[in-house]
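This briefing concerns the arrangement of strands and the enclosed spaces of one protein structure. Please consult the sequence and the 3D view while reading the points that follow.

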Amino acid sequence: MGSRTAYRTCPLCEALCGLELTLDDGGAITGVRGDRRDPFSKGFVCPKGATLGRLDGDPDRLAGPLLRDGDRHAETDWETAFATVRRELGKVRERYGDDAVAVYIGNPTAHSVAGPLYGGAIIKALGTRNVYTASTADQMPKHVSSGHLFGDPLAVPVPDLDRTGHLLMLGANPLESNGSLASAPDFPGRLKAIRARGGKVVVVDPRRTRTAELADEHVFIRPGTDAYLLFALVNVLFEEGLTAVPEELAERTNGLDEVRALAAGLTPERVAAVTGIDAPVIRRMARELAAAGRAAVYGRIGTCTQEFGTLSNWLVDVLNVLTGNLDRAGGAMFPRAAHVPVYRRRRPFTTGRWHSRVRGLPEVNGEFPVATLADEIETPGDGRIRALVTIGGNPVLSAPNGGRLDAAFAGLEFMVSVDPYLNETTRHADVVLPPPRPAQTPHYDVALLGFAVRDYARYSPPVVPLPEGRPSEAQILARLAVIASGLDADPAALDEMLIAGTLKKAVAMEGSPVAGRDPDELHALVEGATPTERRLDMMIRLGPYGDGFGADPDGLTLARLRDGHPHGVDLGPLKPRLDEVLCTASGRIELCPPAFARDVERLRAGLDAPAPDGFVLIGRRHLRSNNSWLHNVPELVRGSNTCTLQLHPADAERLGVGAGDPVRVASRAGSLTAVAEPTDAIMPGVVSIPHGWGHGRPGTRTRVADAHAGVNVNLVTDEQRVDPLSGNAVFNGVPVTLSAMESAAI
């Protein structure tokens with residue numbers, strides 16, 4: 001049997017690594033290695049990427065659509081599946097209204113080209129306000145902070161890893177997550193390079209993670225107290241005259257004096273007891289940050305998934321501004337993605353344009369917190385959710401109080417899921433529409449290139465053709481959008497309508513590379529073999545490196561990217577571009593948004609709050625895992641990928657438990673039983689269970705995952721606890737009680 005070689009971007013995490021694939025004559029992936037000619041990843045590959053062939057050929061992946069038949073699912077044809085969706089969604093909307101249908105968009109969608117391109121069209125066509133995504137279980141505080149500071153919730157500064165001399169990381173473990181909201185192939189190598197050139201890496205985390213072990217310094221912190229530490233650092237910078245805001249940045253910034261006033265009193269000495277960090281250590285951290293020639297502060301999921309998530313993420317960028325490192329080489333900079341136009345309108349960023357029906361939680365970025373999804377399904381009354389569309393994701397395992405959500409899904413009148421697996425969530429679906437294998441799917445990182453630590457672009461066409469009659473992921477989602485619109489139209493017409501609308505806006509916008517031109521003429525120039533390629537071609541041509549539809553003969557088009565740069569194109573190091581990014585109503589950085597200033601009073605009140613009894617729970621990452629969706633690959637559930645309860649040896653001794661003993665973990669939301677793993681890598685009083693586990697439910701078809709089921713940590717996380725500014729769920733610092741159990745209990 002012969003073989004051939006193909007190249008593509010890995011679709012499994014945010015690192016954007018290039019892969020070299022070996023395929024047999026039947027199109028099966030028989031080998032995976034890093035693409036050494038990729039200018040960004042340069043041959044790096046992690047254990048997840050190395051197993052892409054096993055994921056691609058997983059026999060449990062659904063080959064065709066399923067229909068629910070009582071307590072089981074049966075295979076059906078695509079036309080019957082789509083007809084069922086049209087009929088049943090229509091019934092619910094006719095009977096109860098548009099808001100009776102909810103949409104949940106999960107994490108895997110961000111790793112596809114189709115999800116970001118078509119998810120919004122489905123939501124708009126449904127006309128529902130009941131929109132939920134994994135963002136409110138992950139990163140919404142950063143989007144809220146960026147929206148208020150810079151006017152754009154997607155304008156997220158990332159650490160310029162390749163040029164910084166001092167990196168302060170909070171709540172981030174990129175050696176196991178591969179990085180997040182900072183796309184960087186070979187994150188470990190980039191951290192080592194900082195140290196090799198004489199710089200310093202400091203990690204703040206309640207656990208001594210693999211990243212902390214690599215760093216120059218690890219600082220333990222009590223979960224959920226990052227905002228206190230960050231405010232104390234701000235306090236030291238002001239009180240010791242260590243701020244260094246360049247004149248040109250100060251002239252573009254409102255609120256410096258207000259931030260100084262808010263930081264008054266939040267001294268290292270005042271926050272030491274709350275954070276568990278000695279005041280002299282905090283002062284030294286501030287001084288070293290200020291003294292570094294080039295420095296960046298970077299916070300990730302641990303700073304987002306806590307009760308002060310938005311304040312923590314805001315203060316990360318306050319520190320980057322105060323040290324003069326925002327929009328500066330070696331500091332925190334704004335990537336320039338090839339498909340994102342740099343022309344934009346100024347507008348105020350607002351939240352709370354509408355509120356959730358049951359708990360009155362504000363809309364943020366067009367969506368409600370996933371923490372209130374079960375409320376909206378279970379609570380009777382007008383506007384109650386009766387039907388659900390899920391696109392990727394597994395909220396039964398990833399959302400707070402997953403047990404309640406599991407029960408709520410069982411009571412829906414109709415549910416349709418776009419997902420390759422029958423998992424803990426999609427087992428409730430009446431219709432399951434599986435996207436094709438990764439090898440059969442094109443790839444361009446629409447959602448992630450805007451967070452890359454170096455400007456770069458790559459398009460990967462499918463390496464294996466689709467079987468006849470098998471719709472692509474884009475065609476599945478476009479068909480759902482057409483069904484939601486109530487029309488009986490060709491789904492390809494949706495893309496042409498979206499292209500026409502975008503071009504009409506572009507020619508009318510000042511600063512656009514096609515301002516004043518004929519949109520119909522431009523539409524005729526758009527190229528691509530599929531509707532998805534045509535959409536991407538238009539976006540790239542309107543982008544900062546594009547040809548402007550002929551205005552720049554050397555500019556990028558999708559064809560030039562695909563054919564001329566099959567391994568990707570290096571667009572250079574990050575560049576100062578604050579003027580391109582800022583789109584607040586004032587045209588300035590709004591460093592002290594009033595909503596944030598008001599929430600500081602809640603933070604101050606916590607200084608004198610009594611310490612919680614018992615323990616506090618945090619999650620953790622595994623290098624061989626990405627939430628729940630890689631647990632059906634045998635190679636990725638072995639070795640260190642264990643679902644255990646980590647606790648400090650002193651706590652284990654006090655409870656009378658040893659390694660491998662069962663421990664009951666309980667909270668207001670529920671309880672679970674986990675296996676103890678005593679380790680001094682975690683702070684006393686803190687316990688950790690990894691997220692994404694809890695397989696083995698009836699009605700699923702994930703044999704490997706079921707054999708390594710683990711426990712669902714979100715049986716004990718509390719859906720009532722959210723960061724009020726963003727609606728993000730609180731997974732970090734959840735109060736729990738622990739008790740030893742008899743060994744026969746598990």
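In this predicted model, V418 of strand β16 stands opposite L433 in strand β17. The two strands, β16 and β17, pair in the parallel sense, and three bridges connect them. The points below turn to a further partner of β16, to its burial, and then to the cavities.

**Strand pairing**
- Strand β17 covers residues 431-433, while β16 covers residues 414-418.
- Strand β15, made up of residues 387-391, is also joined to β16; these two strands run parallel and share five bridges.
- Within that pairing, T390 is the residue that stands opposite S417 of β16.

**Burial of β16**
- Strand β16 is mostly covered, as five of its five residues are buried.
- One side of β16 carries F414, V416 and V418, and the other side carries M415 and S417.
- Both of these faces are covered, and each of the named residues is buried.

**Cavities**
- Rolling a probe the size of a water molecule over the atoms reveals where empty space remains.
- The structure contains nine cavities of 30 Å³ or more.
- The volume of the second largest cavity is about 120 Å³.
- This second largest cavity is lined by 13 residues, of which C13, E14, S177, R621 and N626 are the closest to its centre.
- Sorted by class, the lining of the second largest cavity comprises seven polar, five charged and one nonpolar residue.

Notes. Residues numbered from 1 in each chain as written. Predicted model: local features only at pLDDT ≥ 70, side-chain atom pairs only at ≥ 80, totals over all residues. Heavy atoms only, no water. 1 Å grid on protein atoms, 1.4 Å probe; cavity = no way out; pocket = protein on both sides within 12 Å on 5 of 7 lines; lining within 4 Å. Points joined across faces, edges and corners; volume = space filled by probe spheres on them. Nonpolar A, V, L, I, M, F, W, Y, C, P; charged D, E, K, R; others polar. Buried < 20%, exposed > 50% of the residue type's maximum accessible area, 1.4 Å probe, protein only. Helix = DSSP H or I, 4+ residues; strand = E, 2+ residues; numbered from the N terminus. Pairing = 2+ DSSP bridges.
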